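Biologist: Please take a close look at the second largest cavity. Which residues are the closest to its centre? Then put its surroundings in context.

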Amino acid sequence: MSRTALRICPLCEATCGLTLTVEGTRVTGARGDRDDVFSKGFICPKGAAFGAVDSDPDRLRTPLVRRDGILREATWEEAFDAVAAGLRPVVERYGPDAVGVVLGNPNVHTVAGGLYPPALVGALRTRSLFTASTVDQMPKHVSSGLLFGDAHAIPVPDLDHTDHLLLLGANPLESNGSLCTAPDFPGRLKALKARGGRLTVVDPRRTRTARLADRHLAIRPGTDALLLAAMAHTLFAEDLVDLGPLAPHVQGLGELRDALADFTPEAVAPACDLDAGVIRTLARDLAAADTAAVYARIGSCTVPHGTLASWLVDVLNILTGNLDRPGGALFPQAATDRTPRPAGPGRGFQLGRWHSRVSGHPEAKGELPLSALAEEIDTATDEGTPVRALIAVAANPVLSAPDGDRLDKALASLDFMVSVDPYLNETSRHAHVVLPPPPPSQSPHHDFAFNTLAVRNQVRYSRPAVPLEPGRMAESEILARLILAVSGMHGADPAAVDAMVIDQTLAKAVQDEHSPVSGRDPRELAARLTGDNGPERRLDLMLRLGPYGDGFGARPDGLTLEKLLAHPHGIDLGPLRPRLPQPLKTRSGKVELLPGPIAGDLPRLRRALDERQEGLVLVGRRHLRSNNSWMHNVPALTGGSNRCTLHIHPEDAARLGVRDGADVRVKGAGGAVVAPAEVTDAVRPGVVSLPHGWGHDRPGTRLNHAAGDPGVNVNQLLDGSLLDPLSGNAVLNGVPVEVVTLL
C-alpha cells in the first residue's frame, strides 16, 4: 500500500516542498506540494527525480575501510576505529594544521551539514579549512563583510515586488537561483514582466534567462566590475544618487565618488565591448525605476575582480536608495538566526588573519582557497607542515577545483584520508575510510543556510520520509562520531556532542543581556527542549532563541519545534522587511561604502581598463538537471540537452575550421581536454563554454551511469594560479584557451 510524505527538496537552493509517494520504504514518485507556504507546488526535473536520486544503486550502504590498499566493506565500529587510529597520530605528531578539512556544496543541503562542521573544525583547531565557497561565492561573503560588517549579511532582490531587475552573470532559469532562495524563480521573473516591470540580463551567453529578458547585453567575460563601476560613475556624474532613508546609515559617499572617477562609460566601454551610451542608459534606468534591484551571481564571482563586482552590486543598490526597501534588495530574517541585537557598532570583518603556508593566500571567513589545497599537500616549505591528513565531507574537489590532475596525485600521497560521502567518486576513491550517509528520504531536512537568503521569510521542517534502513547510520551520528574521533574521545556517546553544543549555547545566552533568557538557569532551559534526537533538540533551541521564537516562554506565541511540527507545510513569516541598521556589524555601525581592502584593490581594476584579452576565452554553464557533479549518475537527469559539449560561435567555428559535432582539443594553462563542438550563436563571438561537474572517467570509482558518458573536467584547463586576491576565489570564467580541431 502506498502512502504520501512531505519533504523539502535538498537538490538545489530553491528548497521546494515535495509530496513523495512511498511504497513500503521506497520513494516511487514526487510532485510539488501545492500547500507548501513557500514553493506552492513548483517542482523542477531534479525534484521530480527525487526517487531516482534516493535509490541510486551506486550509493554506498556500508562503510569502506582500506586494507592492503583496497577499499573493503566494514562495520561502523571498524570504520571509526580506523578513523581514530588514522587521524589522532597526525594531530599529535604534526599539529592540528596538518589535518585539512574540505567541505563540499551538499553540506548546506542537509541538517547535519548545517549543524556539525563548525564543531568538527573547532575540535581539530585546524586552520587548514577549504570549502566549495572559494570556487563559487566567497566574493559575495567578503564584500558583504566589508560593507556591512557581517559576511553572512547578504541582501537578496525582492523579486515579488521590484519594478526593475538588473541581473549579471546569473542564469536562474537553469540554476533555480543562487544566494537568492526563490522557488519558481522563472515564474517570479515572468510575474515581474507581467506587472510591467523590466528585466535586463548581462551575460556573454544567451541563456534561457537572457531569452526571457527585455534587454540582453552580451558583455565580454570578466568585465562586470568595470561595467558596474561605470554605472556608479554615471549616477554621480549626472546627479542621480539618491540614498533616501539610507542616508543616516551610510558613510564614505564622497570618497567613493572620488575613487570611481576614472571609470567613465567611455573608459570602460572597449574593455566590456559595450557602447558607452548603453552603459549610461543602464544607470539612468536603474535610477528612474520606482523600485529596482541589482543581482549578480557566479559569472560575476568567478572572475579576477569578483569581490569588486560583488561590492559594486550593493553599491548600486545603495546609491539608488534600493537597499533595504521593499522592491529593492533586503536582508532576510531566518527563524534560526541569532537573537537580534540592538543596532550599534560591531566587531567588523577582517581579512587575512592567517595565510596559506605555500603561496601566502590570506584567509577569508576562516577559509583558505580550495585552489591551494593541492600545493598545501604536495609542497614542502620552511614554514609549517604540509597537510598530511584530510577530512572531506560531501566534497569532490578533484572535479570542482582547478587542476584536478595535480590534486588527484596529491590526495594519493596523504598519510590518511576520510570521506563522508554517499558515493565512491573521483575524490573519495582516495580515502582510507569512507563513511556513507543515508539517502535523503531517510534524513530530516531544514534549510539553515538557504532561509537566510530567501526572498520571503518562512520556516519549514521535514522529518525523514522513511525509517532509517537497518545497517545505516544517520548523518548526524556519523559527524558526531567523527568529532569525537578527532578530539580524542573516540567511543564516547555521540549524543554528547549535541549536549555539549546545547550547554555552550545556553551558557552564553543566559549571560547575554539582550537574550530573552538572560539570567535564567541553563539546566532548566535545556530540560524544556523537545525533539526525538539531538539535532531536533538543537533545532528547537535555535528556533526558541531566534527572532520569531518563544524565548522559552518569554513570548508565548513564539516559534518552537512543536509548533513547527504542527505545520507540516511550513509557517509563513511574511515578506522581507527593512531591517537597517540592525544587521550592521561594522566598527562604525554604518554601511562603509569604501572599505580599505576594496580601495586597495581598485588600482588593479583601473589597470584592467587597458587590458583586452585576445583570442578565445572560456566560460562555464550549468543545466537545469544538474547540480555541480552530483547528479550525472542518475539516468533521468542526464542525456538530451544535458551534454558535455563545447559551445562555440559560428564565426569562431568558421575561422578555426570547427564542424558541429566534431571533437576539438581545448587547451588552457592547466592542461587540455577533448570535447565535441556544438556550434551555436548562444555564445558571443570570442567566447566558448564548457559545463562544469563532468569528467567521470577516473578508475576506482563506482559511478556506473556517469562513467558511461563521462564528459570532461573543465577545471582541468586551469592551473589554480588565477584567484581573486581579496576572497581567494578561483577564476573560472573569462580565462584564455586555445581550440584546435582534431582531424
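Modeller: A cavity is a set of points, on a 1 Å grid over the protein atoms alone, where a 1.4 Å probe fits but cannot get out. Its volume is the space filled by probe spheres set on the points, which are joined across faces, edges and corners. This is a predicted model: local features need pLDDT of at least 70, side-chain atom pairs count only at pLDDT 80 or more, and totals for chains, interfaces and linings use all residues. Residues are numbered from 1 along each chain as its sequence is written, and side-chain values use heavy atoms, without hydrogens or water.

The structure has 7 cavities of 30 Å³ or more. The second largest encloses about 100 Å³. Its lining (residues with an atom within 4 Å of a point) numbers 15 residues, and those closest to the centre are Lys140, Pro155, Tyr295, Ala296 and Val313. By class, 11 of the lining residues are nonpolar, 1 is polar and 3 are charged. Here Ala, Val, Leu, Ile, Met, Phe, Trp, Tyr, Cys and Pro count as nonpolar, Asp, Glu, Lys and Arg as charged, and the others, Gly among them, as polar.

Three elements each give at least two lining residues: strand E8 (156-157), strand E13 (293-296) and helix H15. Helices (H or I, at least four residues) and strands (E, at least two) are DSSP runs, numbered from the N terminus.

Take H15 next. It runs over residues 306-319, 14 in total. From first C-alpha to last it reaches 20 Å, close to the 20 Å expected at 1.5 Å a residue; the expected span is 1.5 Å times one less than the residue count. H15 is mostly covered, with 14 of its 14 residues buried (under 20% relative accessible area with a 1.4 Å probe, protein chains only; exposed is over 50%, partly exposed in between). After H15 comes Gly321, with a positive phi near 70°.

Positive phi also turns up at a residue that is not a glycine. Thr15 has a phi of about 55°. Most residues other than glycine have a negative phi. Thr15 sits in the loop between strand E1 (2-8) and strand E2 (17-23). Thr15 counts as buried because its relative accessible area is 1%.

Thr15 leads to Phe38. The two are 23 residues apart in sequence, yet 8.7 Å apart in space, C-alpha to C-alpha. Phe38 belongs to the loop between strand E3 (26-32) and helix H1 (45-48). Phe38 is buried too, because its relative accessibility is 3%. Its contacts (heavy atoms within 4.5 Å), beyond four places in sequence, include Thr15, Pro183, Arg188, Val455 and Arg460.

Glu367 is another buried loop residue, at 6% relative accessibility. Its loop links strand E14 (329-330) to helix H16 (373-378). Outside four places in sequence, Glu367 touches Leu129, Thr131, Ser133, Thr134, Met138 and Pro362.

Now an open space for context. The second largest pocket holds about 420 Å³; a pocket is an open set with protein on both sides within 12 Å along at least five of seven lines. Of its 21 lining residues, Gly222, Pro304, Glu611, Gln613 and Gly734 are the closest to the centre. The pocket lining divides into 11 nonpolar, 6 polar and 4 charged residues.
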